[in-house]
Amino acid sequence: MKTAQVPQRSAAAQPPTSGLRPAGRGAPSPFRRKLSHQVRAYAFLIGGLICFALFSWYPAIRAVIIAFQKYTPGSAPEWVGTANFTQVFHDPEFGAAWRNTLTFTGIALLIGFAVPFVMALILNELRHAKSFFRVVVYLPVMIPPVVSSLLWKWFYDPGAGLANEALSTLHLPTSNWTNSTSTALISLVIVATWANMGGTVLIYLAALQGIPGELYEAAELDGAGILQRVRHVTIPQTRFIILMLMLLQIIATMQVFTEPFVITGGGPENSTVTILYLIYKYAFLYNDFGGACALSVMLLVLLSLFSALYLRFTRTDD
């Protein structure tokens, strides 16, 4: 009598007994993957965040607090409310400092706005040695600000300075430059414009090279001259860049310090004292850190308004 044969399962048909994931251990959810990526990103950023917290945010917050305190080295801080603001407001140099700062910003905006734009137009039209002239224009930016200020101080020297020597050679009247109240401030504007226009020229140049050539060709076919092409094609196509650089230049020139400090020392007759230079005097000459911080808060509020405008115009809607 034959016994029934029980069919044997092949190894391939056997149900897997290993490699199974335990219940509840499936693939990580999108939220967990996103959280893991963010944790790693912040781990890389934590060094920079610590530096910002220690050297930017904490000093700024501390300065706002000291603005309402009587704070001198070696003594305990004393809360005085708005007394520091009242004190600096009645300082005779306060009005001169704000007037000089606003005048410096206005003149620098006129010169520093027109000169870099014209330089960029010229460089954009060059056909040969364009890279060389870009380096030449950008070279002053690579010179340390104190070094360039010292060079210009010698250049403006009324005795053996290069400026008056050149004017004498050409039989033209010389000038006292930084030793005269009528020419000192504009002389510093020239220094600041020369030292900082290189970066602005390159930004304008990049914007000009992004303008489609078809627009210029169409303008030429319509009989537009150079000035008309600049007015109706170049300026409308670069108006956003022009506005952004104008706001950034206002913010930068309101904080001018190196040129008055190195070249004129705020003189003659306080004609070149700026807000930042007055802050320096309160802190390091008068040892009045409360007054210095009060001035800093005033400048902070004004610059915050321009910064808000900058953020508003650079914001892109999703």
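**Exercise 1. Find the helix that holds Asn-164, then decide whether this residue is buried or exposed.**

Solution. Start with the place: Asn-164 sits in helix H6, which covers residues 162-169. Keep in mind that we're working with a predicted model here. Next, take the relative accessibility of Asn-164, which is 3%. The cut-off for buried is under 20%, so Asn-164 counts as buried.

Now for a distance. Gln-209 is 45 residues from Asn-164 along the chain, and the C-alpha atoms of the two are separated by 39 Å.

**Exercise 2. Do the same for Leu-139 and Val-146: which helix holds each one, and how does each count by accessibility?**

Solution. Take Leu-139 to begin with. Its place is in helix H4, and its relative accessibility is 45%. Partly exposed runs between 20% and 50%, so Leu-139 counts as partly exposed.

Then go to Val-146, which is found in helix H5. Val-146 has a relative accessibility of 45%, so it counts as partly exposed.

Finish with a partner for each. Leu-139 and Ala-195 are 56 residues apart in sequence, with 8.7 Å between their C-alpha atoms. For Val-146 and Thr-101, the separation is 45 residues in sequence and 19 Å in space, again C-alpha to C-alpha.

**Exercise 3. Work out how H3 and H7 pack: what is the angle, and what do we call it?**

Solution. Pick out the two helices: H3 is residues 92-125 and H7 is residues 184-209. They pack at an angle of about 40°, and their axes are 7 Å apart. Under 35 degrees would be roughly parallel, and roughly perpendicular begins at 65. An angle of about 40° falls between those, so H3 is oblique to H7.

Add the handedness: the crossing of H3 and H7 is right-handed. Last, sort the residues in this contact by class, and you get 22 nonpolar, 7 polar and no charged ones.

**Exercise 4. Describe the largest pocket: what is its volume, and which residues lie nearest its centre?**

Solution. The volume of the largest pocket comes to about 540 Å³. Its lining has 27 residues, and those nearest the centre are Ala-192, Asn-196, Gln-249, Ala-252 and Thr-253.

Now ask which elements take part. Those giving two or more residues to the lining are H3, H4, H5, H7, H10 (239-253) and H11 (258-264). H7 gives the most, with 8 residues.

To wrap up, split the lining by class: 16 residues are nonpolar, 10 are polar and 1 is charged.

Terms used
Residues numbered from 1 in each chain as written. Predicted model: local features only at pLDDT ≥ 70, side-chain atom pairs only at ≥ 80, totals over all residues. Heavy atoms only, no water. Axes fitted to C-alpha atoms, helices over the stretch in contact; angles between N-to-C directions. Helix = DSSP H or I, 4+ residues; strand = E, 2+ residues; numbered from the N terminus. Parallel < 35°, antiparallel > 145°, perpendicular 65-115°, else oblique. Left-handed = near helix turned anticlockwise from the far one by under 90°. Nonpolar A, V, L, I, M, F, W, Y, C, P; charged D, E, K, R; others polar. 1 Å grid on protein atoms, 1.4 Å probe; cavity = no way out; pocket = protein on both sides within 12 Å on 5 of 7 lines; lining within 4 Å. Points joined across faces, edges and corners; volume = space filled by probe spheres on them. Buried < 20%, exposed > 50% of the residue type's maximum accessible area, 1.4 Å probe, protein only.
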